[in-house]
Amino acid sequence: MGPIPLQRDNVHRPAAAGHRNDPRPVARTSLPGIPLTPSAARGFVRAALADWTGLGVPAAVGFSDRLADDAVTVANELVTNAVVHAGTTVELLLRLEDASESEPAALVMEVTDHHPARAVRGEGTASGSGAAPLPDPAEYGRGLQLVATLAESWGITYRTGLKTVWARLSVDDWSGAPGPSAEAAVRHGLRAAEILAPASRRIERDDADWDSRAALSFLAEASDLLAGQLDEDLVAAIAGQLLVPRLADWCAIWLESEGAGPGAEPRLARVWHSDETGTEHLRTVLEKEPLRLPGGAGTGPVPVPWPGDDTGDGPGGTGPEAVRVRGDGAGPLPGGRDGAALAYRITAGGRPLGTVLVGREGVPRVPDDVASLIEDFVRRVGLAVGAARAYTRQATISRILQRGLLPSKVAEIPGVTSALVYEPGDDGVVGGDFYDIFPCPGDRWCFVLGDVQGSGPEAAVVTGLARPWLRLLSREGFGVGKVLDRLNRLLLDDAMEAAEAAALMVAAAGGQQILDGSQSRFLSLLYGEMVPLPGGGVRCTVASAGHPLPLLLSPDGSVRPAAEPQVLLGVVEDVAYESQSFDLAPGESLLCVTDGVTERRSGPAMFDDGDGLARALAGCAGLSAEGIADRIKRAVHDFAERPPDDDLALLVLRAD
């Protein structure tokens, strides 16, 4: 998996009336909930600070390497917490606030996830008004203690469906003068070093504490953290952090390769050790030979030799030594220690998915209650891995369908510059939006922007048939209205049933819920054709069937609809669609969008409320087709804090 591509938007907001005329820079990005996200967040923070410094923003004068390092550390801790404990898309926002009479200039960082139920818990208190309690560092790590030490203040804000953890870092504290005293700086550094220092490797645990209530609480927390994870490697990472050091001193997780033939080697997905210095040594020992359990082993604990035990077959052995613990407490641990090791098979739906190996140092055996608790935990890991693989299969099918349903490139219309933006919704299934531009006989050029009801394989079937039908009907010489008439009848025809049956088979293969094949096949469509004019510009004929109306932008900034609303395709059988014709003069632009643009939501408000799209387009006068497309796309993204959750498609056609 390569690095995460980031789109960084720097926004300079003018100061409100009565305040100094300094800009208030804001940088934001949206990141997926995967293991690479903290690294991407660190790079994003450094890049944003460098941008502001290069732009000469007044408040950035106080920036220093120390502030950058602290900001990167805080971002790493907050984003890591969001990825591990929420597992959702993470929004990272940086805001630079100017100094006031009561407060110095500050860098404010906000990390937002979409799992507000995962509250920060623990004892202790963070600094700053509204700050949340700190968790026990021996149990949950030192991330929030580090944030509390480096930040001037921090806290948590809850909104509907969202949780935002914010931290405020004073910029003036890092400027040359005035600054903190040398003694204060030393105390600050020692405190941070104390938090970052590794804990003692030996963990003092009391197995008697694992009564039924504590075990149920642990399993409930584990289920909550694992549920909804869509990446099996992230499932393995979370599982390792839950097992160590609560239940074991170290663990290793192997995952079977999906679709691999018999005899294929499992891959070592995760190695986790309570002593960080022992992780790589343990991995080296375990990579020599993958752990293999006997064929008759079930989901219960299987005692195995200690890693590095050169007196037995080792963890990958197949003889009797591979399924027993030596009476003298097993063999030497890497580094000279010994203990007891247990292996568990990961299964889902009766299918083996991998193996979990856990070890406890300095003990002859793992208590039965703890072994049973780990067995219950591994069952939950199996369910999470199975769900992640089902999602991956579905996403793979969707990507294949998407590539086949959309044109690899669109045609160029003589005398017209086109710009296209297409962003499918990030839900792992094929979207319902589609587009096309293609030539037709008679010096005609046709363009299409459509939106099929729903998503997934059922929508893919309609898209996969509608686009070639449109091309066929257009090239047969039918007018714009007649093309929609015939496409409407085809959508209502019983011949679609065979295609829908194929869609249901694809859905079943991807683990997706199978819907009733008799459902309606609604399709909103904007279809038009262009004919170049001798004196420049084009003659345009369009029809809109239940689709957002196209908007015509004149060079003076005036905007007007270029079509009349008509009924959706696939709803009414006896309907005659009509088209409208007009000249697209040089310098004029036609904007076509799907409802992912017009119905973009921010709370109860939508982007197109009060002709919001027309107002945004009016400000694009004089821009190129690419400039208009980029401006509208940015306006749609900036309309709400959350990323768009629907397919977004827009097409700009500008007469040269």
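**Exercise 1. In which strand does E91 lie?** Then find out how E91 is placed among its neighbours.

*Solution.* Before starting, note that this is a predicted model, in which local features need pLDDT of at least 70 and side-chain atom pairs count only at pLDDT 80 or more, while totals for chains, interfaces and linings use all residues. Residues are numbered from 1 along each chain as its sequence is written, and side-chain values use heavy atoms, with hydrogens and water left out.

Step 1: E91 lies in strand 3, residues 90–97. Strands (E, at least two residues) and helices (H or I, at least four) are DSSP runs, numbered from the N terminus.

Step 2: E91 has a relative accessible area of 11%. Buried means under 20%, exposed over 50%, and partly exposed in between, with a 1.4 Å probe and protein chains only, so E91 is buried.

Step 3: Look for contacts, meaning heavy atoms within 4.5 Å. Leaving aside residues up to four places away in sequence, E91 touches T29, S30, E110, V111, T112, H114, E641 and P643.

Step 4: Compare sequence and space. E91 and D113 are 22 residues apart in sequence and 6.6 Å apart in space, C-alpha to C-alpha.

**Exercise 2. Which residues have the most contacts inside the largest nonpolar core?**

*Solution.* Step 1: Recall the term. A nonpolar core is a set of buried Ala, Val, Leu, Ile, Met, Phe, Trp, Tyr and Cys residues joined through side-chain atoms within 4.5 Å.

Step 2: The largest such core has 77 residues, and L243, V358 and F377 have the most contacts inside it. Helix 2 (residues 65–85) gives this core its largest share, 10 residues.

Step 3: Zoom in on F377. Not counting residues up to four places away in sequence, F377 touches F218, L219, A222, L226, A239, L242 and L243. Another core, of 25 residues, lies apart from the largest one and includes M530, F582, A649 and A655.

**Exercise 3. Is D443 buried or partly exposed, and is D611 buried or exposed?** Look at their backbones too.

*Solution.* Step 1: Locate D443 in the loop between strand 13 (433–440) and strand 14 (444–452). D443 has a positive phi of about 55° although it is not a glycine. At 46% relative accessibility, D443 counts as partly exposed.

Step 2: Move to D611, in the loop between strand 23 (605–606) and helix 14 (612–618). D611 also is not a glycine, and has a positive phi of about 60°. Its relative accessible area is 53%, so D611 is exposed.

Step 3: Add one more backbone feature. The peptide bond from V244 to P245 is cis, with omega near 5°. P245 sits in the loop between helix 7 (232–243) and strand 7 (250–255).

**Exercise 4. Where does pLDDT stay under 50?**

*Solution.* Step 1: pLDDT is the predictor's confidence in each residue, from 0 to 100. The mean pLDDT of the protein chain is 76, and 72% of its residues reach 70 or more.

Step 2: pLDDT stays under 50 over residues 311–336, where the model has 60 contacts beyond four places in sequence. It also stays under 50 over residues 509–520, with 22 such contacts.

Step 3: Read with care: where pLDDT is low, the predicted coordinates should not be read in detail.
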